[in-house]
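Subject: The structure I promised you

Hi there,

Here is the structure we talked about, so that you can open it and follow along. My notes come right after it.

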Amino acid sequence: MLYTILCYHSEAIVGGWSKAQDDAVMEKLDVVHQKLAAQGRLGPVARLLPTSAATTLRKDSDPPLVLDGPFAETKEQLLGFYIVDCDDLDQALEVARELGQANPGGAYELRPIGVYHSSTLPIDANP
Amino acid sequence: MSDLAWLHGALAAARPQAMAALLRYFRDLNIAEEAFQEASLRALRNWPEKGPPRDPAAWLILVGRNAALDSVRRKAREAPLPQEVLISDLEDAEADLAERLDGADYRDDVLRLLFICCHPDLPATQQIALALRIVCGLSVGEIARAFLVGESAMEQRITRAKVRVARAGAPFETPGAAERAERLAAVMAMIYLLFNEGYSASGGEAPLRSALCDEAIRLGRLLLRLFPAEPEVMGLTALMLLQHARAQARFDAEGAIVLMEDQDRTRWNGPMIAEGLALIDKAVRHRQPGAHQIQAAIAALHARSPRAADTDWPQIAELYRALEHHMPSPVVTLNRAVAVSKTEGADAALALIEPLGERLSAYFHFHGVRGAMLLDLGRSAEAREAFDRAIALARTPAEAAHIRQHIDRIQAEAAQASTK
């Protein structure tokens with residue numbers, strides 16, 4: 001089963017990290033990434049730009065309304081996501097715990113994936 | 001990251017909102033600051049043990065407010081000290097307060113906090129120092145180092161600024177739409193001043209002072225969270241991101257200036273550029289161009305060019321023309337002249353530059369650009385004169401060294417010509 005691990009954290013806190021702090025967290029996370037990749041379980045991973053770069057299209061009106069900012073104003077923001085292949089929820093939680101040890105604070109939301117279209121982007125696509 | 005680092009991060013992130021609310025309660029900058037500091041101390045004691053609260057800002061506001069009230073009472077010798085346990089047990093009150101903090105109140109609170117730092121009586125450096133101390137929470141020592149002055153001098157400067165602000169009286173009534181727009185404009189100008197304090201640094205100072213750029217960008221993002229649909233706020237933040245993205249490439253190992261056309265573009269910061277470009281895209285949709293957006297659009301054209309030779313100079317010249325309309329200034333015209341020199345040649349550029357001489361006679365870049373144009377046209381003697389004046393006006397050793405290169409070249413060419 002494919003699981004999405006949605007990464008929530010306070011953007012103000014994460015955005016306040018110095019480059020050295022950020023690099024240190026990424027380095028620790030990378031250890032977990034490498035392990036999952038070696039097992040062939042790591043799908044696409046994305047780190048999102050701040051919510052100030054977000055635009056929301058409200059499609060419940062016609063024509064749809066374009067709004068500046070993220071869909072939901074929350075204390076903690078969606079900052080990125082993983083797609084990981086796991087046998088069951090326990091295994092997904094195990095991955096999330098490991099990621100959480102590398103990067104404490106905030107929360108991970110684990111959501112099983114219903115439909116998955118594999119990427120058609122070139123492997124080295126730039127953001 | 002260690003718990004302590006996380007804790008300090010959380011405190012720093014909550015600071016603007018907490019300070020802003022405490023200022024609204026107490027209407028006094030010093031009491032608000034003391035209250036926040038006391039709340040931070042209690043957070044350092046409580047959070048590691050009990051875990052961080054769901055809403056750090058709300059916790060700090062409530063604890064800070066109670067602590068400041070206690071302190072006032074204590075000074076009045078009216079009430080005994082409350083037990084810390086009672087203060088820390090805030091679950092219910094916290095939820096209630098958090099709800100009330102979400103609305104427009106919070107936005108006006110933070111804007112007010114930023115705005116009182118921009119009092120027109122305060123010189124620019126004091127505005128910036130005050131904002132760094134009050135809003136960003138930098139220590140006096142950190143601010144002093146960034147401004148390259150002694151700590152006691154900076155302490156004095158900040159104290160003086162606070163006294164002035166207190167005397168002027170902060171505007172506590174809820175602002176109307178026009179007032180809000182005015183405050184926003186003043187705050188944006190202050191943030192860009194702060195950015196330029198860091199950006200104009202060079203050589204050995206650059207690493208110390210580039211922290212000012214980071215703080216300015218942080219304030220820009222904070223403003224964007226408060227005003228997510230203001231295109232000029234998007235423009236300002238994009239402008240700072242796109243300029244700061246070049247920081248690593250702007251100076252060589254010896255601290256000498258590297259012109260944009262000679263910079264190693266692989267050293268530009270990709271994520272910063274991506275964020276800046278995303279903000280420009282969003283801003284353009286509003287079709288309300290402004291000075292910050294236009295400057296950001298110019299920076300975006302540079303950022304989008306993989307090589308200097310790919311730069312879209314006609315478009316940049318056009319944008320400078322638009323900027324002249326929004327923000328008429330001889331410096332903007334000078335910049336347009338540089339773009340024009342790329343599209344129409346040094347002759348056309350010089351024709352734009354010459355009329356600026358009177359107003360820009362004391363401006364380093366005027367003489368530098370003029371000299372470069374003259375040199376391009378083979379008018380070496382006049383170029384030499386212009387470069388000499390530029391050197392006399394250089395503000396940093398790096399600027400002087402850059403002009404010195406031109407002069408050396410003229411001299412070398414003259415020497416070569418005479419030996420032939």
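Below is what I found, going from chain A to the core and then to chain B.

One thing to keep in mind from the start: this is a predicted model.

**Chain A**

Chain A has 3 helices and 6 strands, and along the sequence they come in the pattern β-α-α-β-β-β-β-α-β. Its C-alpha trace spans about 45 × 35 × 30 Å along the principal axes. Of the 127 residues in chain A, 21% are buried. If you look at contacts in chain A with a separation of 6 or more, 75% of them link residues that are 24 or more positions apart.

The feature to look for is an open sheet of 4 strands in chain A, ordered β2-β5-β1-β6 and paired antiparallel. The edges are taken by β2 (42-47) and β6 (107-112) of chain A; each has a single partner strand, so one side of each is left without a neighbour in the sheet. On average, neighbouring strands of this sheet are turned by 20° against each other, ignoring direction.

Strand β1 (residues 2-9) of chain A runs antiparallel to β6(A) and is joined to it by 6 bridges. Within this pair, A:Ile5 stands opposite A:Leu110 of β6(A). Helix α3 (residues 89-102) of chain A lies across β1, β5 (77-85) and β6 of that chain, and runs at about 155° to β6(A).

There is also a cis peptide bond to find, from A:Asp62 to A:Pro63, with omega near 0°. A:Pro63 sits in the loop between β3 (55-58) and β4 (65-68) of chain A.

**The nonpolar core**

In soluble globular proteins, nonpolar side chains tend to be buried together. Here the largest nonpolar core has 135 residues, and A:Ile5, B:Met19, B:Leu60, B:Ala131, B:Val187, B:Ile191 and B:Leu242 have the most contacts inside it. Helix α1 (residues 3-26) of chain B gives the largest share of this core, 10 residues.

B:Val187 is a good residue to click on. Leaving aside residues up to four places away in sequence, B:Val187 touches B:Leu111, B:Leu114, B:Phe115, B:Cys118 and B:Leu223.

**A helix pair in chain B**

Helix α12 (residues 231-244) of chain B and α13(B) have axes that come within 8 Å and cross at roughly 155°. The two helices are therefore roughly antiparallel to each other, and their crossing is left-handed. Residues making the contact include B:Ala238, B:Leu241 and B:Leu242 of α12(B), with B:Ile273, B:Gly276 and B:Leu279 among those of α13(B). You will recognise B:Leu242 from the core list above.

**Two loop residues in chain B**

Most residues other than glycine have a negative phi, and most peptide bonds are trans. Which phi value does B:Leu148 have? The phi of B:Leu148 is near 60°, so a positive one in a residue that is not glycine. B:Leu148 is found in the loop between α8 (140-147) and α9 (151-168) of chain B, and is exposed because 10 other C-beta atoms lie within 10 Å, where 12 or fewer is the cut-off.

B:Arg287 also has a positive phi, near 50°. Its loop runs between α13 (270-285) and α14 (291-304) of chain B. B:Arg287 counts as exposed too, with 7 C-beta neighbours inside 10 Å.

Happy to go through any of this with you at the screen.

Best wishes

How values were computed
Residues numbered from 1 in each chain as written. Chains lettered and ligands numbered in written order. Predicted model: local features only at pLDDT ≥ 70, side-chain atom pairs only at ≥ 80, totals over all residues. Core = buried A, V, L, I, M, F, W, Y, C linked by C-beta atoms within 7 Å. Buried ≥ 20, exposed ≤ 12 C-beta atoms within 10 Å, placed from the backbone. Contact = placed C-beta atoms within 7 Å. Pairing = 2+ DSSP bridges. Axes fitted to C-alpha atoms, helices over the stretch in contact; angles between N-to-C directions. Parallel < 35°, antiparallel > 145°, perpendicular 65-115°, else oblique. Left-handed = near helix turned anticlockwise from the far one by under 90°.
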